[in-house]
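Q: Could you take a close look at the salt bridges in this model with me? I would like to see how the charged side chains pair up.

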Amino acid sequence: MLKRQHIDKTVQSGFLLIALFSITALFLIMVFLFIEGIPILEHISIKEFVFGKFWYPTDDPADFGILSLILGSLCVTLLSGLMAVPLGIMTAVYLAEIASPRVAEIVKPIVELMASMPSVVIGFFGMVVVAPFIQKLFNIPVGLNMFNASLMLAFMAIPTICSISEDAVFSVPTALKEASFALGATHFETIAKVIIPASLSGICTAVILGLSRAIGETMVVLMAAGGAAMIPSSIFDPVRPLPASIAAEMAEAPFRSEHYHALFAIGIVLFAFTFVFNLIADYISYKFRQVGEASL
């Protein structure tokens with residue numbers, strides 16, 4: 001008995017150390033981000049930095065306004081969400097409730113395989129294949145634009161949304177479904193009025209996590225968005241989201257220069273966006289959490 005308790009305490013201590021190491025590593029990354037990004041405020045105010053319309057870091061004097069970058073990130077994320085959320089949720093419902101076991105065994109690994117596809121491959125596909133097709137189809141000057149980047153980000157977000165949503169739908173208590181059928185509801189009515197509301201917490205979490213991945217993605221937007229630091233007026237305008245600016249310019253920025261600190265400040269803004277996304281996901285998950293079969 002004592003030996004078993006000793007093993008339990010050892011395992012518990014091991015997990016605690018691993019958790020503390022992960023938290024410490026994330027905390028140190030955050031501290032480094034703020035240490036390198038805050039000095040830009042010595043040269044420009046927060047208002048000018050966040051709401052400035054022009055990003056010309058190499059001019060003399062330089063312009064460090066990131067409003068166009070923020071709008072680019074938000075527009076690309078929103079447009080990709082409009083494409084990925086319905087497809088991801090409907091695919092999850094189909095796999096969990098409608099598809100036959102044999103079809104589900106084939107489709108689900110394909111969806112999970114899509115989730116493991118490298119982002120640089122998706123970005124290269126969008127740049128080489130999708131961009132010329134969009135340019136020719138819509139008769140526009142350039143195919144590397146917001147729509148192309150959103151399409152590729154939706155392709156990346158769908159597997160995440162689908163997998164988590166499927167787990168949420170699949171975990172709905174069987175008693176709820178049987179009660180719905182017993183009252184004379186059809187399969188579609190049961191899905192729409194019982195299963196989806198009961199799994200709303202997991203579905204909302206899946207959506208938020210999928211969109212947070214989209215807003216933080218680098219390679220796809222770097223390769224497929226066009227790279228123009230301008231406020232978009234159409235879905236076919238080239239844009240430069242926040243992660244793309246960091247990846248494109250960090251190697252060219254002199255160490256500890258204004259440009260260098262401005263890029264780290266962009267990282268702080270991006271960190272704030274993803275942090276808010278995760279807070280919203282936790283809040284929604286807690287608010288709509290299904291506790292027992294009588295809480296629907």
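To begin with one pair: which side chains meet in a salt bridge at 2.3 Å, N to O?

A: Happy to walk through this. Please keep in mind that the model is predicted. The pair you ask about is Arg240 with Glu249, whose side chains meet in a salt bridge at 2.3 Å, N to O. Both of these residues are buried. The count for the model comes to four salt bridges, and two others deserve a look here.

One of them joins Arg256 to Glu36, with the closest N and O atoms 3.0 Å apart. Arg256 sits in the loop between α11 (242-249) and α12 (258-287), while Glu36 belongs to helix α1 (residues 2-37), so this pair ties together parts that are 220 residues apart in sequence. Arg256 is partly exposed, at a relative accessible area of 48%, whereas Glu36 is buried, at 4%.

The other links Lys108 and Glu166, where the closest N and O atoms are 3.7 Å apart. Here Lys108 comes from helix α4 (residues 101-115) and Glu166 from helix α6 (residues 146-170), so the contact ties together parts 58 residues apart in sequence. Lys108 counts as partly exposed at 30% relative accessibility, and Glu166 is buried, with a relative accessible area of 8%.

For wider context, the unreviewed UniProt entry places the feature "domain: ABC transmembrane type-1" at residues 70-281. Over that stretch the chain is 78% helix and 0% strand, with its end C-alpha atoms 21 Å apart.

Key
Residues numbered from 1 in each chain as written. Predicted model: local features only at pLDDT ≥ 70, side-chain atom pairs only at ≥ 80, totals over all residues. Heavy atoms only, no water. UniProt positions renumbered as here; feature names shortened; annotations may be inferred. Helix = DSSP H or I, 4+ residues; strand = E, 2+ residues; numbered from the N terminus. Buried < 20%, exposed > 50% of the residue type's maximum accessible area, 1.4 Å probe, protein only.
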